[in-house]
Structures are given as C-alpha cells and as structure tokens.
Amino acid sequence: MPPAALPRDYALIALDEAGSTNDEAKERAVAGAPEGTVVWARQQRAGRGRRGRIWESPPGNLYLSVLLRPSCEARRVAQLSFVAALAVLDLVDGLLPGRARCKWPNDILVDGGKVAGILLESALRSDGRVDWVVLGIGVNLVGHPGLEGPVPSTSLVAAGAPAVAPEDALPPLLTALTRRRSEWETQGFMAVRRAWLGRAHGLGGPVTVAGGGEKLTGTFEGLDEEGALMLAREGADSRSISAGDVYFGDAGTAHAARG
C-alpha cells in the first residue's frame, strides 16, 4: 500500500527493495535530482549504519533517505544529523510520549534500547560549499535484530507502542523534518542544540569515547557550537569529540556501544 500524501516539497521514489536507500539517493543526487527527493524501501539488502556497520533491514520497519541541498558551509553539515534526530524523536513521541532520548551522535533510544539511527552523507561543490546531503534514517517500528550489550536493539512495538505500517510513519516523519529544519534555518544551531540536549541520553554522567587510537573517559557535559561532544575530564582539559564510539555509564569502561 502506498503512503498517504507526503508534505509539500517532497517527491517520493518508492521501492519494494533496495541495496541501500542512501546509495540510491546519492546516485540521484549526483545526477541532479532536486531537493526533497525521498527514497523509501520496504526492505534493504545492504543497509548500513555509521562506520559501515550493517543495519538489518527486513520488511516492516521504516527505511528512507532524504536528499537535501542546503545553502550552507561544509562545517555546518553535521548539524543536520541533530535536526534529523529531533524529527525522529517527534515521530517516536507520537507513539511513546516522553520515553525517547537522543544518543550522541546519531541514535534514538527508548528506555535505553536503540530504535532508530541516522546516516548522513554529503558532497561539496568546487567552491567548498555543500552540493548535497543525504539523510538516511532507519526506524525499528515492529522488529529489531536482537543485539545485546550496553545499548541493545529494540523496536517501538517491543517497547509497547501500537504497530504502525512504514507507509503511515513516513508522512509524519517528513512533516517533523520540515519543521525541525525550518527551526535550524531560522533560529540557528543553538535552538536545535538546546532541544537535543533537553532529551539527551547520559547528559551529566560518565562517558567513554574510543576513536583515533585512544580511549577517553570523563563526563558528558554537553555539545559545543558545532555539535561535538564536550567531554569534561578530571585533572585535564575538556575535549570536544567530533567522532568516535561512545559508551555511557559504568558499562562504558568495558563495552562499546554499537551505532
């Protein structure tokens, strides 16, 4: 069954199956597809998350990639990951009010379990400004891969939400994305940052970040002006972390969070 009418300024490409909706969207971006092109697939053969990790993609969940062409500098591209996270949070709040949290850098959790992830990919023009951005979003509506660990996988249904078909979840997610992007464009990243931190997982608590050949432990004290994680360390200078595997709480000293 096709989805209901999408919000204004979106054009849908609906696929029964795709290797990866991000790859499909990137091909169209390179070919000149317009802003607002949405690639939606009922299942993916090669879905992936951050750092090339596999995103299991059986039928029943929501898999989409949105092509954006924002007029911004390259340094601001990563901010759109937080914009997308807030849009997913809005979708989840409509089903499980108040129970979802944003996990840095790109996940949505419900009661500590991962229900959604975001994969952002982009390209620049010759003048160094952004040519296109592809926002890939996966939401576990009814099923999940059964991953365990400090951040286990879960689904909205497993968390107690009513079952929602992907075609019914797509329009409200895009509506929320439009609203959140408008806030970013008109109010700046500080408004997005404030909203994200209001629902941040692990804020003010212990966190371990692994990446670049080092492991740092400290307190998650917030986001900097570009969206990097601010790590306060006892007896040392604070660090802004722009990439890495993040684990929150005491489990962070022994386990990596899968993102």
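Helix axes that meet at an angle under 35 degrees count as roughly parallel, those over 145 degrees as roughly antiparallel, those from 65 to 115 degrees as roughly perpendicular, and the rest as oblique. This cut-off is applied below to helix pairs in what is a predicted model.

**Helix α3 and its surroundings**

Helix α3 covers residues 166-187, and its 22 residues reach 31 Å from the first C-alpha to the last, which is close to the 32 Å expected at 1.5 Å a residue. Its buried residues are Pro166, Glu167, Ala169, Leu170, Pro171, Leu173, Leu174, Ala176, Leu177, Arg180, Arg181 and Trp184. The elements that cover these buried residues include the strands β1 (11-15), β2 (37-41), β3 (62-68) and β7 (130-139), together with the helices α2 (79-93) and α4 (189-197). After α3 comes Gly188, whose phi is positive, near 85 degrees.

**Helix α4 and its two helix partners**

Within α4, the residues Phe189, Ala191, Val192, Trp196 and Leu197 are buried, and the buried residues of this helix pack against α2, β4 (100-103), α3 and β9 (214-223). The packing geometry of α4 with the two helices is set out here.

| Helix pair | Angle | Axis separation |
|---|---|---|
| α3 and α4 | about 130 degrees | 6 Å |
| α2 and α4 | about 50 degrees | 10 Å |

Because its angle is about 130 degrees, the pair of α3 and α4 is classed as oblique. On the α3 side the contact is made by Arg180, Trp184 and Gln187, and on the α4 side by Phe189, Ala191, Val192 and Ala195. The helices α2 and α4 are likewise oblique to each other, and their crossing is left-handed. This contact is made by Gln79, Phe82, Val83, Ala85 and Leu86 of α2, which meet Phe189, Val192, Ala195 and Trp196 of α4.

**Cys72**

The loop between β3 and α2 holds Cys72, a buried residue with a relative accessible area of 2%. When residues up to four places away in sequence are not counted, Cys72 touches Arg129, Val130 and Trp184; Trp184 is also one of the α3 residues in contact with α4. The C-alpha atom of Cys72 is separated by 26 Å from that of Ala200, a residue 128 places away along the chain.

**The five-stranded sheet**

Five strands form an open sheet in the order β11-β10-β9-β8-β12, with antiparallel pairing. Its edge strands are β11 (239-241) and β12, each of which pairs on one side only. On average, and with direction ignored, neighbouring strands of this sheet are turned by 45 degrees against each other.

At one edge, strand β10 (residues 229-232) and β11 pair in the antiparallel sense over three bridges, and the bridge partner of Met230 is Ser240 in β11. At the other edge, strand β8 (residues 206-211) and β12 pair in the antiparallel sense over four bridges, with Val207 standing opposite Phe248 in β12.

In a regular strand the side chains alternate between the two faces of the sheet. In strand β12 (residues 245-248), Asp245 and Tyr247 point one way, whereas Val246 and Phe248 point the other way, and all of these residues are buried.

Terms used: Residues are numbered from 1 along each chain as its sequence is written. This is a predicted model: local features need pLDDT of at least 70, side-chain atom pairs count only at pLDDT 80 or more; totals for chains, interfaces and linings use all residues. Side-chain values use heavy atoms; hydrogens and water are left out. Helices (H or I, at least four residues) and strands (E, at least two) are DSSP runs, numbered from the N terminus. The expected span of a helix is 1.5 Å times one less than its number of residues. Buried means under 20% relative accessible area, exposed over 50%, partly exposed in between (1.4 Å probe, protein chains only). Contact means heavy atoms within 4.5 Å. Two strands pair if DSSP finds at least two bridges between them. Axes are lines fitted to C-alpha atoms, for helices over the stretch in contact, and angles run from 0 to 180 degrees between N-to-C directions. A crossing is left-handed if the near helix is turned anticlockwise from the far one by less than a right angle, and right-handed if clockwise.
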